[in-house]
Amino acid sequence: MAAQLPRGHVVGEHGGSYDFLLLVEVLRQSGVLVAHRYLDVPLDRAFIFSALNLDVFGLEALRIGPRPAQAVLSTTVSPQRNGAGRVLGFDFTGTLWLDGEPAIVGSGALTFVSTRAFQMLRAGNRKKLDGRSPRHPQLLRAEPALVGRRDEANTVLTEPSVSDSGTASALLVVDTGHPHLFDHQLDHVPGNLQLEAARQLSVAAVAKLHGLPAESLVVTAARAEFTDFAELDLVTRAVARVGQAGFDGDLGAVTVPVEITVSQEDHPVATLAIEVTQWS
């Protein structure tokens, strides 16, 4: 599959390299394309991302040049089928080349369900909230510079609280009017938003603990497992634990691992591991 990466994107604010969320979006769209075009998954199916992994091959491949990057993605999928041969989902692995250079390798898992099955699944999840009042707190966004962003509209966290012990926490600011994170109507907090929240919290924590400018930090690896739906009308909290910095010989840079848990009412809905790297 081929794509052209724009040098500017609604959330692609990092001045020197193609943005993490833009790369995730290429993988997401490729999964949708493969399902519909090659595996005969009906267009009305709901797609559920249960896992996503990304690793950067080389930082220079992500550098934004004078022209939009020509991207080529090679993907191998392993479908799971029911007794009638219908595809229920697939695991995938793939490599993304930018202008002929290997940039990232990705893998993950997708599940497809009918509209009726999705409604039943969501009804079961919503039943947990019976008898409880929805909470819609008025949350103030963090300063964009604290989380490595420039536009306040792309800040998806309250101001992170970072302790000297390496723990950080913040609440998610869920803006259903965001043109990318909510490019269509959703009844839950999407995985893309949770990924971006994990990225922003990781960047803010590493920047403060190591005295680094947040805008110099990029994501070079990510692991995400989405274990439950995150409801729009509940407070969503992200808590991070920053690990020890180390030198990555392949990247030629110092990296810092961060583990993040996203939860609602003390119930985890996603666990993520983000590797943050300083790069200019």
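Start by selecting the hairpin of E10 and E11 in this predicted model: four residues sit between the strands, and Gly 252 among the hairpin's residues has a positive phi near 70°. Strand E10 covers residues 246-248 and pairs with E11 in the antiparallel sense over three bridges. For one of those pairings, pick Phe 247, whose bridge partner in E11 is Val 254.

Keep E11 (residues 253-264) on screen, since E9 pairs with E11 too, antiparallel over six bridges. Click Val 239 and look across to Thr 261, its bridge partner in E11. Now add E12: ten bridges join E11 to E12, again in antiparallel fashion. Pro 257 stands opposite Glu 275 there. The turn of this hairpin has two residues between the strands, and Glu 265 takes a positive phi near 50°.

While E12 (residues 267-278) is lit up, go to Val 276, which belongs to that strand. Buried or exposed, at 1% relative accessibility? Val 276 counts as buried, because buried means under 20% relative accessible area. Show what surrounds Val 276: beyond its neighbours within four places in sequence, the contacts are Ser 202, Val 206, Leu 217, Val 218, Val 254, Thr 255 and Val 256. For a distance label, try Val 276 to Asn 82: the C-alpha atoms are separated by 40 Å, with the two positions 194 residues apart along the chain.

Next, select Ile 260. Leu 5, Leu 98 and Ile 260 have the most contacts inside the largest nonpolar core, a set of 72 residues. Not counting residues up to four places away in sequence, Ile 260 touches Ala 198, Ser 202, Ala 238, Val 239, Ala 240, Ala 270, Thr 271, Leu 272 and Ile 274.

Swing over to the strands E1, E3 and E4. Four bridges join E1 (residues 2-5) to E3 (residues 69-81), and the two run antiparallel. Gln 4 stands opposite Gln 70 in E3. On to E4 (residues 87-98): eleven bridges join E3 to E4, also antiparallel. Try Ser 74, whose bridge partner in E4 is Thr 95. This hairpin has five residues between its strands, and Gly 85 takes a positive phi near 90°.

Time for the rings. How many aromatic pairs does a search of the whole structure find? Five. Phe 90 and Phe 92 have ring centres 6.4 Å apart and planes at 85°, so they make an edge-to-face pair. Both Phe 90 and Phe 92 are buried. Phe 118 and Phe 229 are edge-to-face as well, because their planes meet at 80°, with centres 5.9 Å apart. That pair links distant parts of the chain: Phe 118 is in helix H2 (residues 115-127), Phe 229 in the loop between E8 and E9, 111 residues apart. Phe 118 and Phe 229 are buried too. To see one aromatic cluster, select Phe 47, Phe 49, Phe 90, Phe 92 and Phe 112 together.

Last stop: helix H1, residues 20-38. Its 19 residues should span 27 Å at 1.5 Å a residue, and the end C-alpha atoms are 27 Å apart, so the two values agree. At the start of H1, a side-chain oxygen of Asp 19 comes to within 2.9 Å of the backbone nitrogen of Leu 21. Colour the buried residues of H1, among them Phe 20, Leu 23, Glu 25, Ser 30 and Val 34. Then step past the helix to Asp 40, which follows H1 and has a positive phi near 60°.

Conventions: Residues are numbered from 1 along each chain as its sequence is written. Side-chain values use heavy atoms; hydrogens and water are left out. Two strands pair if DSSP finds at least two bridges between them. The expected span of a helix is 1.5 Å times one less than its number of residues. Buried means under 20% relative accessible area, exposed over 50%, partly exposed in between (1.4 Å probe, protein chains only). A polar contact is a pair of N or O atoms within 3.5 Å; within protein, one must be able to donate a hydrogen and the other to accept it, and residues adjacent in sequence count only if both atoms are side-chain atoms. A nonpolar core is a set of buried Ala, Val, Leu, Ile, Met, Phe, Trp, Tyr and Cys residues joined through side-chain atoms within 4.5 Å. Contact means heavy atoms within 4.5 Å. Rings of Phe, Tyr and Trp (its six-membered ring) pair if their centres lie within 6.5 Å; planes under 30 degrees apart count as stacked, over 60 as edge-to-face and the rest as tilted.
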